[in-house]
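Please open the model in a viewer and keep the selection panel at hand. The stops below are to be followed in order.

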Amino acid sequence: MSTQRKEPVANRFERIRLETDDLGQEDDFSSRDGVDYLSDESKSVVVRNESPDLGFDYSLNPYRGCTHACAYCYARPTHEYLGFSADQDFETKILVKRNAPELFDRFLRRSGWDASPVAFSGVTDCYQPIERKLNLTAKCLEVADRFSQPVSIVTKNALVEKDIDRLISMSRRNLVHVYLSITTLDRELASRLEPGTSSPRSRIDAVKRLSDSGVPTGVVIAPVIPGLTDDHMASIIEAAAKSGAIQCRYSVLRLPGAVRPVFFNWLRRHFPDRVDRVKGRIEALRDGQLNDSAFGSRMRGSGEAADWLAQMFRAFTMKFGVRDQMPEYNRQVFKVPNSNGQLSLFD
């Protein structure tokens, strides 16, 4: 693996600065392994999604920034809004919503809430390594379990298995879908591309253990990187099918804002001989551009190259027998707990 230092990517909002205390002297995780964990005092934790092509209307993110350090992460520019950079700071300045479970509880008690599914990890991964210490995602799942609130989870970390008992309980009421996001099964490539994530093998093993336990589990091939991982699709779908995945989905590489220089800096360091190839393949999927923010095409691309990729995906899912839909959520069992611990039916 290359040891060259990454070139910093400028923050387009560099005049903004965030000044905040760490999580407190009593917490031994406030700064460790070169990562600073900062307290995020947000007043809300559930965000309404206005994009029609993401498959969910609401999302919950206990953390901002991500130590998975995936070179391609589309969420990197969100750190710029906080006065941080989209490259090193995104990976080493992690904002923690310590009150996420309480905020989620408060949100679900809103008058007129219709139990729409809430996606965990709509932006950054809810099972990045600090979750083992803080258990914020686990506590939010506990809230969802108490309310019988449907949720979906997308993660690149086999750490999701630590909450398997809760997930089994919720799956018995058709309240949860879990997706493991896998870019490649090549361990060496994954260690360079997404160094803070679980190994591909451990993610596939997590799919099997969750599936064998009755938890509806799928695999998201994300992102497909043209010229680098697009020929890995068949092996991922085959492994997913053998592990009991109900559904497979995919999305292609997105390069909004500062993600583009971060990704190409990474590519030049690790695969300098593939830079032109990858760039050309991306442009073939994006009508000659490196990014497309239009709803509908931004996730899958457009044109002949995108059509070919979609055809290959369909062919492989049919060959390996992967279905294309998860079980329907049960929104009818949603209940709001009373303050005395009893439950009242949701109107």
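**First stop: G65**

Select G65 together with H79, F90, I94, T124 and Q128: G65 touches these five residues, not counting residues up to four places away in sequence; contact means heavy atoms within 4.5 Å. This is a predicted model, in which local features need pLDDT of at least 70 and side-chain atom pairs count only at pLDDT 80 or more, while totals for chains, interfaces and linings use all residues. Residues are numbered from 1 along each chain as its sequence is written, and side-chain values use heavy atoms, with hydrogens and water left out.

G65 is found in the loop between β5 (63-64) and α1 (88-92); helices (H or I, at least four residues) and strands (E, at least two) are DSSP runs numbered from the N terminus. With a relative accessible area of 1%, G65 is buried; buried means under 20% relative accessible area, exposed over 50% and partly exposed in between, with a 1.4 Å probe and protein chains only. Now add D125: its C-alpha atom and that of G65 are separated by 8.5 Å, although the two residues are 60 residues apart along the chain.

**The whole chain**

Zoom out to the protein chain, which has eleven helices and 13 strands. Of its 347 residues, 55% are buried.

**Helix α4 and its surroundings**

Select residues 136-147, the twelve residues of helix α4, which reaches 17 Å from its first C-alpha to its last. The expected span is close to this, at 16 Å, taken as 1.5 Å times one less than the number of residues. Is α4 largely enclosed or largely open? Nine of its twelve residues are buried, so α4 is largely enclosed by the rest of the structure. Among the buried ones are L136, C140, D145 and F147.

Next, show helix α2 (residues 100-108), whose axis comes within 8 Å of that of α4 and crosses it at roughly 25°. Axes are lines fitted to C-alpha atoms, for helices over the stretch in contact, and angles run from 0 to 180 degrees between N-to-C directions. The two helices are therefore roughly parallel to each other, the term for angles under 35 degrees. Residues of α2 that meet α4 include F104 and L108, and those of α4 that meet α2 include C140 and V143.

Then select F104 and F120, which touch the most other members of the largest nonpolar core, a set of 57 residues. A nonpolar core is a set of buried Ala, Val, Leu, Ile, Met, Phe, Trp, Tyr and Cys residues joined through side-chain atoms within 4.5 Å. Apart from it lies another core, of 23 residues, among them A71, C73, I225 and V278.

**Two residues with positive phi**

Move to S148, in the loop between α4 and β8 (151-155). Its phi is near 55°, a positive value in a residue other than glycine. S148 is buried, with a relative accessible area of 8%. N174, in the loop between α5 (164-171) and β9 (176-182), also has a positive phi of about 55° although it is not a glycine. N174 counts as partly exposed, at 36% relative accessibility.

**Last stops**

Select A222 and P223, joined by a cis peptide bond with omega about -10°; P223 has its place in strand β10 (residues 217-224). Finally, show helix α8 (residues 233-242) and helix α11 (residues 304-320), whose axes come within 9 Å and cross at roughly 30°. That makes α8 roughly parallel to α11. At their meeting, I237 and A241 are among the residues of α8, and F313 and F316 among those of α11.

Conventions. Angles under 35 degrees count as roughly parallel, over 145 as roughly antiparallel, 65 to 115 as roughly perpendicular and the rest as oblique.
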